[in-house]
Amino acid sequence: MSYQVLARKWRPRNFDQVVGQGHVLRALVNALDSDRLHHAYLFTGTRGVGKTSLARVLAKALNCDTGVSSAPCGECSSCQEIDEGRFVDLIEVDAASRTKVDETRDLLDNVQYAPTRGRYKVYLIDEVHMFSTHSFNALLKTLEEPPPHVKFLLATTDPKKLPVTILSRCLQFNLKRITVDQLIDRLRLVVDAEGVQADEGSLDLIAHAADGSVRDSLSLLDQAIAYGAGELRQAEVAVMLGTIATADITAIVEKLSDNDGAGLISLARELAESAPDYHHVLGELLSLLRRVAVFQALADDASALDEGSDVVDLAERLSPEDCQLFYQIGLIGRRDLSLAPDPQSGFEMVLLRMLAFRPMQAESSATGREASTKASKRNVSSSPVSSGKAAASDGRVTPAAASLPALAPESPAKVTAVPSNTDLSVPATDSKSGELDWNDMVSKLELPGLVRELARNAALKSYNGRIVELLLEPQHENLSGDRLIQGLEAALKEQLNADIRIRVALEGQAELDTPSKRMSEAEKARQREAERVIEADPTIQSLQNQFGATIERVDPK
């Protein structure tokens, strides 16, 4: 006997074998058991979710020799003939190959005749949206008032192309994509029944690659069994599918967070040696960034996600703004990947675009030898106030920056050290008890994502050489976690060369003077100055006077 592919061998024979689609099964089972049957059913959904399979099971339930039931016996001649595709009263039509109106009319001429073999004459029309307008018109009257012995089962992947007159005459069931967990369970059932050795990682890769389609998952499983000579191993399935390891995706995001362009390209070239599917690689990158963004948004409640150390580490290294920017650029780059000269160059440009458009204020100010190395490579200042100087040193000056006078940085607030009266306080020494410029200190510290946000949104209350007391506004309470405070302590210890302890308290009475607010005010000042320069430009004024031109003000955020 010739080999039968898994997608056909494991096609559902009854409602219990259908994967997912509980909302559709409930309606059909109740209708069959209560004998409340409609004359036309429309099944919609993406490929491989069970549209025609459900239609065939429904045809079997209508014509089973034991009677109309939601549980056809599967053993009578009618059930077996329907399973084998040779039941004379089940007329299956591929609308894509019968688009002419004459063919549709010939098909419907036999509607009036009673079924030859079964209880009902069932018309199963697949991809019905491919019918022409004239074919729909020919079907319309019969669909509205069919003989009692006729049932129409329509299936389509694009219901929007069906006329509303057809839709209004059918009971419509929208079949959902199958979840990854449901696909894994189905694949595990199949490999166990087929006697195939398979690890969970390989089934997970196949389930993700199937993209919600049971048929695609079984087809990929067939291919993987042949590729692995009867065994499924994650590494071999990954090579077959053109996927890459999760560690490589994490490494890409780490290079992005470090602004390491050379390392990023080197990593991309190493990935190219395995000839991956770059569309899939960008999809995995987007998935990781989404997990990082959700982890950051949940803050103290993120522990409920049970994420791995890779996501936790990236959530600290990346700011929420960078994470959202990388996600959006990756999303657009994935869409436009087919327009690139070749997939590899398109993928590399997406990564470089993420670095090029990263906001300057999102970069940490480096210190020491590492700072000198990064500064020599990038030649760009990370301080928002000095962005004009950075543009000049890089040789690139925007029109607005060319016209703006340099803004003098506001003198930072200086807080005189106040000795703490707690048990941890120590007498201030001459070398440590002087004035501490918190805004200047934050600009010097090299801090990862959320730790940097804590420092920027805190105001200095007191400093006695050992203890730094910070204040946070209530809306930033989520930044006062122990893990973030310890990270800031470690950076201050290295910068001040002292054993520093940090205390954080909430201040709800007054607005705090924080580095973040200073940066925001400086940005607003540059925006106001840019608007003033543009409004005073003679060319702009001429356009306004002659043509009634208006200036659209855009929020820089």
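## Helix packing exercises

Helix α9 (residues 200-210) packs against helix α11 (residues 234-241), with the two axes 8 Å apart and at an angle of about 25 degrees. Keep in mind that this is a predicted model.

**Exercise 1.** Work out how α9 and α11 are oriented to each other, and which residues in α9 and α11 meet.

*Solution.* Start with the angle, which is about 25 degrees. Angles under 35 degrees count as roughly parallel, so α9 and α11 are roughly parallel to each other. Next comes the handedness: α9 passes α11 in a right-handed crossing. Now look at who touches whom. From α9 come Gly201, Ser202, Leu205, Ile206 and Ala209, and they meet Gln234, Val237, Ala238 and Leu241 in α11. Sorted by class, that contact has six nonpolar residues, three polar ones and no charged ones. The spacing along the chain fits a simple rule: an α-helix has 3.6 residues a turn, so residues three or four places apart point the same way.

**Exercise 2.** Do the same for α16 and helix α17 (residues 343-356): find their orientation and the residues that make the contact.

*Solution.* The axes of these two helices come within 9 Å and cross at roughly 150 degrees. Anything over 145 degrees counts as roughly antiparallel, so that's the label for α16 and α17. Their crossing is right-handed. On the α16 side, the contact is made by Leu325, Phe326, Ile329, Gly330 and Gly333, while α17 brings Val350, Arg353 and Met354. By class, the residues of this contact split into five nonpolar, two polar and one charged.

**Exercise 3.** Stay in α16 and place Tyr327: is Tyr327 buried, partly exposed or exposed, and what is Tyr327 in contact with?

*Solution.* Find Tyr327 in helix α16, residues 320-335. Its relative accessibility is 28%. Buried would need under 20% and exposed over 50%, so Tyr327 counts as partly exposed. Then check its partners: setting aside neighbours within four places in sequence, Tyr327 is in contact with Leu286, Leu289 and Arg290. Ser287 is 40 residues from Tyr327 in sequence, yet their C-alpha atoms are 8.9 Å apart.

**Exercise 4.** Describe helix α25 (residues 538-547): how many of its residues are buried, and what sits at its ends?

*Solution.* Count first: of the ten residues of α25, zero are buried, so this helix lies largely in the open. At the N-terminal end, Asp537 acts as the cap, with a side-chain oxygen 2.9 Å from the backbone nitrogen of Thr539. Just after α25, Gly548 takes a positive phi of about 70 degrees. For background, buried residues make up 41% of the protein's 557 residues.

Definitions and conventions
Residues are numbered from 1 along each chain as its sequence is written. This is a predicted model: local features need pLDDT of at least 70, side-chain atom pairs count only at pLDDT 80 or more; totals for chains, interfaces and linings use all residues. Side-chain values use heavy atoms; hydrogens and water are left out. Helices (H or I, at least four residues) and strands (E, at least two) are DSSP runs, numbered from the N terminus. Buried means under 20% relative accessible area, exposed over 50%, partly exposed in between (1.4 Å probe, protein chains only). Contact means heavy atoms within 4.5 Å. Axes are lines fitted to C-alpha atoms, for helices over the stretch in contact, and angles run from 0 to 180 degrees between N-to-C directions. Angles under 35 degrees count as roughly parallel, over 145 as roughly antiparallel, 65 to 115 as roughly perpendicular and the rest as oblique. A crossing is left-handed if the near helix is turned anticlockwise from the far one by less than a right angle, and right-handed if clockwise. Ala, Val, Leu, Ile, Met, Phe, Trp, Tyr, Cys and Pro count as nonpolar, Asp, Glu, Lys and Arg as charged, and the others, Gly among them, as polar. A polar contact is a pair of N or O atoms within 3.5 Å; within protein, one must be able to donate a hydrogen and the other to accept it, and residues adjacent in sequence count only if both atoms are side-chain atoms.
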